[in-house]
Amino acid sequence: MKSKKQEVPEYNGFLRKNVIRLPEEIEQCTGIRIFGKLLRSFVFSTDVAIIRNCNADAVISVYPFTPQPIITHALILAADKPIFCGVGGGLTTGERAVEIALDAEFQGAMGVVLNKPTPNTLIKKLKKTLEIPIVITVVSEDEDFEARLRAGVDIFNVSGAAKTVDIVKKIRSISKDISILATSGKQPENIVEVIKYGANAISYTPPTTGELFKPIMERYRRGEDY
């Protein structure tokens, strides 16, 4: 006799019931276990309000400016989930990137994220210095994945837009064991496909606070309650 799958009890409250919920399809992936924590879903954001009001397992926080420790400190202090911080690798590199990464680890970051241009020499330095995992962003199939692995990369962060699935396939053909975090868009079928071809975890870009506010403000303008 088959046992029925038990429903997961849930409590939402009233004031915080409208949190951002990531697509349920993400639960199909294996996840990446880091220091005992199983992480399947990553929200891509530096917005503290978004980070505090979503059901992601972890946060990947990178931004298009030189990494600043005070931003990392603020995110880690405010977050209620593990943070993976951007520490450079492009314009910000060398010893400065190593010091920023070490500071992030001391502050409580669970991992550091490096940009695509990061030289393997920097990855090797970081591997010797840090205990937390090193994540490298990948944007094309032309990357020398084996060299990245030899340098000490722990997780590939695949962000290849329409080519994401192809990149995931290529990485998985090289290594069955390497951890792959991948973007997938918001469509359920795309999430399922990237998981099917080897992604262990999914990163999700949430709507902006402006987009979230729009329907609320429209209701207010009509004189409706929230």
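This is a short chat about helix packing, the largest pocket and two backbone angles in a predicted model.

User: Let's start with the helices. At what angle do α2 and α3 pack?

Analyst: About 20 degrees. Helix α2 covers residues 69-78 and helix α3 covers residues 94-107. Their axes are 10 Å apart. The angle is under 35 degrees, so α2 is roughly parallel to α3.

User: Is the crossing of α2 and α3 left-handed or right-handed?

Analyst: Right-handed.

User: Which residues meet there?

Analyst: On the α2 side, Pro69, Thr72, His73 and Ile76. On the α3 side, Asp103, Ala104 and Gln107. By class, that contact of α2 with α3 has three nonpolar, three polar and one charged residue.

User: And α3 with α4? What's the angle there?

Analyst: About 35 degrees, with the axes of α3 and α4 10 Å apart. Helix α4 runs over residues 120-129. The crossing of α3 and α4 is right-handed.

User: Which residues in α3 and α4 meet?

Analyst: From α3, Gly94, Glu95, Ala97, Val98, Ala101 and Leu102. From α4, Leu122, Lys125, Leu126 and Thr129. The contact of α3 with α4 divides into six nonpolar, two polar and two charged residues.

User: Switching to pockets. How much space lies in the largest pocket?

Analyst: About 870 Å³.

User: How many residues line the largest pocket, and which lie nearest its centre?

Analyst: The lining has 25 residues. Nearest the centre are Glu10, Asn12, Val19, Arg21 and Asn55.

User: What classes make up that lining?

Analyst: Eleven charged, eight nonpolar and six polar residues line the largest pocket.

User: Last topic, the backbone. Which residue in the loop between β1 and β2 should I look at?

Analyst: Phe35. That loop runs between β1 (32-34) and β2 (37-39). The phi of Phe35 is near 50 degrees, a positive value in a residue that is not glycine.

User: Why flag a positive phi?

Analyst: Because most residues other than glycine have a negative phi.

User: OK. What is the phi of Ala161?

Analyst: About 55 degrees, so positive too, although Ala161 is not a glycine.

User: Where does Ala161 lie?

Analyst: In the loop between β8 (155-158) and α6 (164-174).

How values were computed: Residues numbered from 1 in each chain as written. Predicted model: local features only at pLDDT ≥ 70, side-chain atom pairs only at ≥ 80, totals over all residues. Heavy atoms only, no water. Axes fitted to C-alpha atoms, helices over the stretch in contact; angles between N-to-C directions. Helix = DSSP H or I, 4+ residues; strand = E, 2+ residues; numbered from the N terminus. Parallel < 35°, antiparallel > 145°, perpendicular 65-115°, else oblique. Left-handed = near helix turned anticlockwise from the far one by under 90°. Contact = heavy atoms within 4.5 Å. Nonpolar A, V, L, I, M, F, W, Y, C, P; charged D, E, K, R; others polar. 1 Å grid on protein atoms, 1.4 Å probe; cavity = no way out; pocket = protein on both sides within 12 Å on 5 of 7 lines; lining within 4 Å. Points joined across faces, edges and corners; volume = space filled by probe spheres on them.
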